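Reader: I should like to go through the assignments in this model and the grounds for each of them. Please set every value against its criterion.

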Amino acid sequence: MSAAGAALYEIGEKNVHGNVLHGDVITHDTTNCLISSQSRLVSVAGLSDLIISETPDAIMICPREQSQYVKNLHTQLVEAQRVEATSPVCQHTLTHRYDRAAQRRWYREWLTQTVLPHWSITALSPDTGGSFEACDYDGNPLTDLNVRLRVHARQVYSFAFAADQLDWAEGVEALKKPLAHLLKTGRKADGGFGHIYKPDGSWAKDNSDTYDHAFVLMALAWAYKVTGDEALKQEAEQTLGYLQSALKHSDKGYLEGLPAFETRRANPHMHLLEAALAWTDLHGSEPFADLADEIVDLFSNHFYRDGLLREYFHDDLSLNDSTEALALVEPGHLYEWAFLLNSYHSITGKTTPLTEAMVAFADKYGWNQQTGLVVDQCHPNGESLAEPTSRMWPQTEYVRLNLTYGSRADIEKALQHLQTIRMMYLEGDDLTRGMWRDKLDHAGQDISPNAPASTLYHIIGMIGAI
């Protein structure tokens with residue numbers, strides 16, 4: 001709310017007194033305020049640095065730079081079960097038309113001047129060059145945590161993408177250490193990659209996980225793009241060979257990993273599609289184009305059921321909804337698959353399964369109306385969980401999809417949601433700039449233990465779409 005208002009002030013057209021005014025507003029001796037009126041005259045005198053938002057329901061007044069005050073007020077309204085908690089006054093500063101260029105400037109400045117320098121220097125191990133798993137809210141790396149191999153791969157991708165798409169000059173140099181660590185210590189004697197490192201860089205789990213291999217391929221595609229190093233192409237060819245010889249299911253699709261699990265998921269296949277599209281689009285690779293075709297066929301014939309992406313399957317890819325947890329739908333994945341399928345069509349020109357039903361379901365049932373956030377899970381009939389949580393990554397997937405493939409109205413909503421992300425996940429006195437909250441509860445309260453490094457991958461993709 002007020003964080004969005006502060007952002008709206010930043011991009012708004014200011015008068016000679018530094019005020020941004022909307023509606024029927026009169027001021028005297030008032031400076032640097034955002035004042036908005038929907039239904040009546042608002043007169044302000046002798047004030048500075050405030051957000052004042054009037055609607056027929058209520059009036060909100062707060063310091064322009066103190067977003068936590070409004071968040072606390074909103075929490076009190078929710079706890080008191082006041083209808084004003086979801087009234088326009090709480091959302092008013094999100095309803096104006098946003099300047100996409102200004103949003104792009106804010107996010108790219110935040111990313112290139114704060115986020116990337118921290119995560120490419122402070123959050124890399126001086127001993128191994130690999131990424132730490134997470135940082136605390138003060139920005140201190142949590143050096144005692146085990147680290148998933150996919151985190152190294154995601155950071156390599158993030159630095160390469162930022163160099164290529166976001167003009168981050170340090171990106172090529174930044175990716176060298178985590179990439180060297182990934183390739184030197186990650187690959188095992190059988191040609192595949194391990195799964196989880198101990199803090200000292202030795203293996204905690206050296207099993208082969210298909211999800212991890214998808215991100216290795218994704219990282220190599222972008223690292224090859226920005227460095228031109230032919231050795232990286234050879235690494236990718238070797239990894240694809242391992243994927244198709246060791247991790248290929250005997251009937252269809254790919255295993256969860258080795259050793260094989262009885263339950264299979266759509267999710268690793270989704271990231272294989274993402275990596276395959278990167279190699280197809282960036283390098284014109286026919287083997288990866290074939291992989292993309294294979295995954296889209298799996299989606300059409302197995303993962304997509306009655307207008308919905310389903311998550312869990314038996315060994316033969318029949319639906320596994322034997323428990324409530326296995327039956328749940330993830331709205332973030334609906335948005336993510338829709339983005340990738342649209343990208344597949346854009347890159348290859350081939351017909352893709354219709355994504356409208358998935359997106360319509362996510363738009364209708366995948367949101368917490370109390371917080372204005374995409375929820376992590378809901379029931380396949382659209383019923384909400386009793387206390388739904390909202391991680392940051394589904395928010396970024398909603399924004400990326402709609403800014404890239406949405407209608408004008410969809411784009412407007414996505415630009416508004418960027419402000420919500422700033423307020424709820426990226427800003428606040430408890431956060432060092434460049435950190436983020438990962439997970440909020442049903443009332444919008446932070447329940448994150450730390451700032452995970454792996455979230456940068458989602459943030460980068462979203463910012464690339466602004």
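Reader: What makes the contact of D293 with K350 a salt bridge?

Author: In this predicted model, the closest N and O atoms of D293 and K350 are 2.7 Å apart. The criterion asks for a side-chain nitrogen of Lys or Arg within 4 Å of a carboxyl oxygen of Asp or Glu, so the pair qualifies as a salt bridge. D293 belongs to helix 10 and K350 to the loop between helix 12 (331-348) and helix 13 (356-365), 57 residues apart.

Reader: Why is K350 called partly exposed?

Author: Its relative accessible area is 38%. Partly exposed covers the range between the limits of 20% and 50%, so K350 falls into that class. D293, at 23%, is partly exposed as well.

Reader: Why does R187 count as buried?

Author: R187 has a relative accessibility of 15%, and buried means under 20%; therefore R187 is classed as buried. R187 also forms a salt bridge with E235, with the closest N and O atoms 2.8 Å apart. E235 lies in helix 8 (residues 230-246) and R187 in the loop between helix 6 (171-185) and strand 9 (196-197), so this salt bridge ties together parts 48 residues apart in sequence.

Reader: How do you know that strand 3 and strand 5 pair?

Author: 4 bridges join strand 3 (residues 34-37) to strand 5 (residues 50-54). Pairing requires at least two bridges, so the two strands count as paired. They run parallel, and L34 stands opposite I51 in strand 5.

Methods: Residues numbered from 1 in each chain as written. Predicted model: local features only at pLDDT ≥ 70, side-chain atom pairs only at ≥ 80, totals over all residues. Heavy atoms only, no water. Buried < 20%, exposed > 50% of the residue type's maximum accessible area, 1.4 Å probe, protein only.
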